[in-house]
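How do the two chains of this model meet, and through which parts of their surfaces? Please look at the structure with that question in mind before reading on.

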Protein chains: 2
Amino acid sequence: MNKKDDFITQITKRSEDFSRWYVDVIRRAELADYSPMKGVMVIRPYGYEIWELMKEQLDRMFKATGHRNAYFPLFIPESFLKKEAEHVEGFAPEVAWVTMGGNEVLEERYAIRPTSEAIICSMYARWISSWRDLPVLINQWANVVRWEKVTRPFLRTTEFLWQEGHTVHATAAEAQEETLRILEVYRTFAEEYLALPVIAGLKTDAEKFAGAVSTYCIEALMPDGRALQAGTSHNLGQNFSRAFNIRFENRDQELEFGWGTSWGVSTRLVGAVIMAHGDDSGLIIPPRVAPFQAVIIPISRGDWKETVLPEATMLQQELQAAGIRVHLDDRDTNTPGWKFSEWEMRGVPLRVEIGPKDIEKKQVVLVNRLNREKSFVSRENCVAEIGRKLDEIQAMLFERALRFRQENTRDAADSDSLADIIEKQRGLVRAAWCGSADCEARVKEKTKATIRVILEETPPSGAACAACGKPGKHMVLFARSY
Amino acid sequence: MNKKDDFITQITKRSEDFSRWYVDVIRRAELADYSPMKGVMVIRPYGYEIWELMKEQLDRMFKATGHRNAYFPLFIPESFLKKEAEHVEGFAPEVAWVTMGGNEVLEERYAIRPTSEAIICSMYARWISSWRDLPVLINQWANVVRWEKVTRPFLRTTEFLWQEGHTVHATAAEAQEETLRILEVYRTFAEEYLALPVIAGLKTDAEKFAGAVSTYCIEALMPDGRALQAGTSHNLGQNFSRAFNIRFENRDQELEFGWGTSWGVSTRLVGAVIMAHGDDSGLIIPPRVAPFQAVIIPISRGDWKETVLPEATMLQQELQAAGIRVHLDDRDTNTPGWKFSEWEMRGVPLRVEIGPKDIEKKQVVLVNRLNREKSFVSRENCVAEIGRKLDEIQAMLFERALRFRQENTRDAADSDSLADIIEKQRGLVRAAWCGSADCEARVKEKTKATIRVILEETPPSGAACAACGKPGKHMVLFARSY
């Protein structure tokens, strides 16, 4: 992409072609760009700043629940990856291999981590020997590589950034507690920070993590009617402990294998935020993860540099002092109207206009990115009012997305209605399921929809499996997904 | 390493064998551990927390000087690495190569970044077209890989963590300004946060970065008399812009190549802190980067859990509220004496003891890790006093390291005295140098010492090159180095 084609009117309308809109807005807003390598993206500062804000908040939440960060190697010897049978089967096809170091061919090739259970568990086996060493509660922020055939910026790329927590506990119950504790951290984070309503629940065996006993996830619905898995928390049971020999002496002085969990979210969340909230004019970034929560645009008439600009600068400083992330666009190469569109496209939730008339009237003009509503507020109270507006926009975004999901969650009683809804309306389809992997596979083949989450509710009596018609054991959500 | 051999008395004395002490203390204090791969280390939570504190402060300093973070790919196509001739010559011998993705052999192999100029410059070429796009001021926090033959934890490992800044400017003068601005950021950070006195200056051509016009560095002296390069800032001139075709239309509407810089510091700084400040009992971590600045040890006599522990917990909360990083060691499995040694070994700068008698006397006991000085301070004022003590310890560490460097910087007038000092006393040797690469190489061959920094001062008249005896052009510092 050349700088010159970076003009805002060139974004495909979201209502016309969601998929093209998504890629257009990412490049025009300078969130990310393609690299010279297929499937590999570059995260530009504006996109990275969203990720940084996500990271900071998640990191606080992990630390508040007793976790500490560490850093494990990028490389995993092939023999380690092979120790857990299901795990290697799941990941080997998408691994990048290092076969040469300097000018020498390696005796054993190294996998670039697609996830780090294999290398981390091999270290835990050295560090853990007694119940006194437990629980081990470690997280790492890292890059991982998965050789993907079909890629999309942020949603599925060969290399991506994520956090991966890896814990070991003395009992099965504690591992399950941890798995659910983190699931709740993810749910809270998605809903309160990303304004992304999610359904938290269990995955089916077909959809679970390679090597886990059970996988929980948070699942969101995107505006094009497809589901997006936004985070996963795995109960690993003793699977990896057995494979890597993580044993500890318990309180009864018996040797026992440790009980593991692992969990992660990635830069995919940036993609979720872009898709969930944007509109035809471009991005809308939730205030709590917006690099700029407000942009001040001085109305450049007459001697504005002597009159309006000093006032705008003073307001900027007041907002910064109040902890609001604010940008003052004082360029004299562009008109206010151009700047309005530019910052709308970039998704800044609140615009603050100040012109000569506003100074006269001791006011500023606030414009809500979401509904374009204008309000005139007194200059004196405007810092508090801007803070209040940002909270309001955060809540509005969540409400809107929740309403969308409610309107796009439908019930299906049988195979035909399930297929019909998926085909014509997409969205989430609530249905009963008998629990058989065959039924799940048949639905997938017929509709391209998979079971996204097993719901906690028990099926109403007489509910029939939407695939085979036999008695339903679980209520589940079907959807096509990213 | 097994947990069981993790006993503190097993650290080799620093005064006996500096090298073994260094590795012992890293493993016993759980800063890092060896991975199953040669030359690859794992950074454990206690070590990673030191790096996190360094990162946070450096990141603030980079942002305060106008830089933004981004993220570029781990992979660099081989053809890109080859575009800058000196660059590839310098780095190719230590590159790890990815030759397979999934089950397919790649058409072109990918280097794992040893540094990112090649991939970043290829993106800058797309993003930059006008003087209005300049300066570009981007930093990234990332892992890099260099296939090293001889490794040491933190100081030289196959994979390490670092930051790398990459900037482009419209003029040569601005690039030089940036190079020196960052050098000053590094100097300030090393001295004020790591308590590490450094000499900032220019490298010789033989020691400069492969592809740079000039390399500046901060150089520290370690207690074993060897120098350590702790950070570098490179003026790249137009070298990479020419190789990657980064051109912009200047204000006179002429096409011109951009002027570049790059600069970095790494987890090596954790190694520098360990070496510079530790003693026979273990680590001493400067308060400003210490994961725990203070540790509270309740004296466990009689009904201490009912009497002492509540008081200790209250103090912990007060200290946390005052922004002090504090740990309360309330384990009942270990004696106070054992805990004293344990936390001394782990380098916590200040110990706070509270026992039944102290509660009676309304006091706490503070013990300075550096000089073991005890002070009894009133419970009422102790939070402020602990803050003051931490500042004092930070200053004492810097003063001590500075005094050591001064005492170990010696002048050499000729080749023999230079060799003699390096052989018998090590340390930094100040000498005149004629500027010839031959002379530099000859000294290196004879003494294993290299020119660490070209000093700014001009040689006194009549000063002769310490290698050839011809008139000296520069004053330089020679030393053996890490």
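The report below deals with the symmetry of the pair, then the interface, and then the domains of chain A.

In this predicted model, chain A is superposed on chain B by a rotation of 180° with 0.0 Å of shift along its axis, at an RMSD of 0.0 Å, and that is the relation of a two-fold axis. The residue of chain A that comes closest to the rotation axis is A:Val98, whose C-alpha lies at 2.2 Å. A:Val98 also stands opposite B:Val98 in β5(B), and the two strands, β5(A) and β5 of chain B (residues 96–101), pair in the antiparallel sense over five bridges.

The interface as a whole brings 48 residues of chain A into contact with 48 residues of chain B. Several elements of chain A each supply at least two residues to the side that touches chain B, among them α2 (45–64), α5 (117–127), β7 (136–145) and β8 (159–169), while the largest share, six residues, comes from β5(A). By class, that side of chain A has 28 nonpolar, ten polar and ten charged residues. Because 100% of the interface residues of chain A are also interface residues in chain B, the copies meet through the same surface.

The domain assignment of chain A is set out here.

| Domain of chain A | Residues |
|---|---|
| domain 1 | residues 3–72 + 119–277 |
| domain 2 | residues 292–391 |
| domain 3 | residues 409–479 |

Between domain 2 and domain 3 of chain A, the C-alpha centres lie 50 Å apart.

Definitions and conventions
Residues numbered from 1 in each chain as written. Chains lettered and ligands numbered in written order. Predicted model: local features only at pLDDT ≥ 70, side-chain atom pairs only at ≥ 80, totals over all residues. Contact = placed C-beta atoms within 7 Å. Helix = DSSP H or I, 4+ residues; strand = E, 2+ residues; numbered from the N terminus. Nonpolar A, V, L, I, M, F, W, Y, C, P; charged D, E, K, R; others polar. Pairing = 2+ DSSP bridges. Domains from an automatic or database assignment. Least-squares fit on C-alpha atoms with pLDDT ≥ 70 in both.
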